[in-house]
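Visitor: I would like a walk through this model, one question at a time. Please keep the answers brisk.

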Amino acid sequence: MHEVAISEALLDQLVTLAEQHGWTRLSRVWVRMGMLSGVVPEALEFSFSAMATGTVAEGAELVMETVPGRFGCGTCGEFDLERFEFACPQCDGPLQLLKAGRELMISGVELMDDSPTNPEN
Amino acid sequence: MTLQPTQKTDMCENCGCGNNDHFHVHPTPGEGHLPHGLHEGHAHHESHEHGHAHEADGGWHAHTAADGAVSWHRHGGHGGQPVLDANQREAERNRGYFRARDMLALNLVSSPGAGKTTLLRKTLERLHPRVGCAVVVGDLETQADADALRPGGAPVVQITTGTVCHLDARMVSAAVDTLPKDGVRLLFIENVGNLVCPASFDLGESHRIVLLAATEGENKPLKYPPIFHGARAVVISKTDLAEPAGFDIALAREAIAQVAPEAEIIEVSSRTGAGIDAWLGLLERLLASDALGAKH
């Protein structure tokens, strides 16, 4: 359950960012992850919601976006997939993983309505 | 003396083992010294290494939607702020250090028992001191690997990680500090035997080399794509055991090509010596292209 450790780092970052920008409560957090980042979205969601209690992110929805990887099939050409496949979904021939990312990024947050932060500040 | 971690640091994002604050560095006897930040064999790490606050302001900006909802975004190199960036910073420091010292650093990874140490032992016999080599080797416990490698004459530093299942950039930095500053052209970093966690930790190496032993399954690359993808080369080791083990080398090559299409594949038996020349040939080519790159 390595996602507990990732949630910890994620919450750490959110708390720091909140202090810097004056965020009091978050309603949503966007995370982008590469296919090679090794994160299981369901496990991250579960640990995040449990561990966010008492922080600015308590109750916040975690919106996860997987950055697709590039795959290639000798017959059908190149295309993007969000899951590892080693047989071509079209012709069932062997599929190559050409390019995929390892990134794990906080790409955005949404503030709760009652947050006093003025975005112009 | 036991040091309490003063802060959370890079944790293994794959298995959750969080405590890498108590690794030990065992320099080559009679060489080097414990670097700044290490005493009694324990690592201290300063708060500046945590680092994620430093770039936090960069790029964060607010949007207000028509319905009044306020959101903040950051568009970085990959569209956001890295969640685990402390290791990445340290890895970049290592990379700069290796470049400045004209060292080619190779990160050797495999499952436990695939033959990393034996291949390195044979490599040092043939290469060192014609090409100045050094080894940083990681294990949970014991200095057995360092002891096995020291007869080769190259400086060897053992890192014992305690319970941590991978090397991280900070451990490598502390270990490299104990190596001679000059005369090391080729640095081998023998990672902890593990096909999962080391994939997530950039050490600042020039290339990652993965070993796949003929005593393993041919489809391992398909099962562990993160460690194989992006590897400069995959060494199929223990090829002398392929036949008795019923290991189909052609099948393994196909699996490697699916996950790491750009990786060079080399078949080696450290026991019989078969393929060692091809392996040394790869090292020579990597050194040559590295030297070429350094001139520009």
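**Strands, core and loops**

Guide: Strand E3 (residues 69-73) of chain A and E4(A) pair in the antiparallel sense over 5 bridges. Two strands count as paired if DSSP finds at least two bridges between them. Helices (H or I, at least four residues) and strands (E, at least two) are DSSP runs, numbered from the N terminus. This is a predicted model: local features need pLDDT of at least 70, side-chain atom pairs count only at pLDDT 80 or more, and totals for chains, interfaces and linings use all residues. Residues are numbered from 1 along each chain as its sequence is written, while chains are lettered from A and ligands numbered from 1 in the order in which they are written.

Visitor: Which residue is the bridge partner of Arg70(A) in E4(A)?

Guide: A hairpin of 3 residues connects E3(A) with E4(A). Across this pair, Gly72(A) faces Glu78(A). For Arg70(A), the bridge partner in E4(A) is Asp80(A).

Visitor: Which strands of chain A stand at the edges, each with a single partner strand?

Guide: The open sheet has 3 strands in the order E4-E3-E5 (chain A), with antiparallel pairing. The edge strands each have a single partner, so one side of each lacks a neighbour in the sheet: they are E4 (77-81) and E5 (95-99) of chain A.

Visitor: What does the twist average from one strand to the next in that sheet?

Guide: The angle is taken between axes, which are lines fitted to C-alpha atoms (for helices over the stretch in contact), with angles from 0 to 180 degrees between N-to-C directions. From one strand to the next, the average twist in the E4-E3-E5 sheet of chain A is 35°.

Visitor: In what order do the strands of the open sheet in chain B run?

Guide: Chain B has 9 helices and 13 strands. Of these strands, 8 form an open sheet with mixed pairing, in the order E1-E9-E8-E10-E7-E11-E12-E13. Its edge strands, each pairing on one side only, are E1 (24-26) and E13 (264-267). Ignoring direction, neighbouring strands are turned against each other by an average of 20°. The order asked for is E1-E9-E8-E10-E7-E11-E12-E13.

Visitor: Which residue in E12(B) does Leu211(B) stand opposite?

Guide: E11 (residues 207-213) and E12 (residues 233-237) of chain B run parallel, joined by 5 bridges. Opposite Leu211(B) in E12(B) stands Val235(B).

Visitor: How many residues does the largest nonpolar core have?

Guide: Such a core is a set of buried Ala, Val, Leu, Ile, Met, Phe, Trp, Tyr and Cys residues joined through C-beta atoms within 7 Å. Among the residues with the most contacts inside the largest one are Val135(B), Leu187(B) and Val235(B). Its size in residues is 109.

Visitor: Which helix gives the largest share of this core?

Guide: The share is 8 residues, and the helix is H1 (residues 3-21) of chain A.
In general, nonpolar side chains tend to be buried together in soluble globular proteins.

Visitor: Beyond four places in sequence, which residues is Val235(B) in contact with?

Guide: Contact here means C-beta atoms, placed from the backbone, within 7 Å of each other. Leaving aside neighbours within four places in sequence, the partners of Val235(B) are Leu119(B), Ile209(B), Leu211(B), Ile266(B), Val268(B) and Trp279(B).

Visitor: Is Thr142(B) buried or exposed?

Guide: A residue is buried with 20 or more other C-beta atoms within 10 Å of its own, exposed with 12 or fewer, and partly exposed in between; the C-beta atoms are placed from the backbone. Thr142(B) lies in the loop between E8 and helix H3 (144-149) of chain B, and its phi is near 70°, positive in a residue other than glycine. Because it has 10 C-beta neighbours inside 10 Å, Thr142(B) counts as exposed.

Visitor: Where is Pro129(B) placed?

Guide: A cis peptide bond joins His128(B) to Pro129(B), with omega about 5°. Pro129(B) sits in the loop between helix H2 (116-127) and strand E8 (133-139) of chain B.

Visitor: What is the mean pLDDT of chain B?

Guide: pLDDT is the predictor's confidence in each residue, from 0 to 100. It stays under 50 over residues 1-11 of chain B, and is below 50 over residues 31-56 of chain B. In chain B, 79% of residues reach 70 or more, and the mean pLDDT is 83.

Note on methods:
Two residues are in contact if their C-beta atoms, placed from the backbone, lie within 7 Å.
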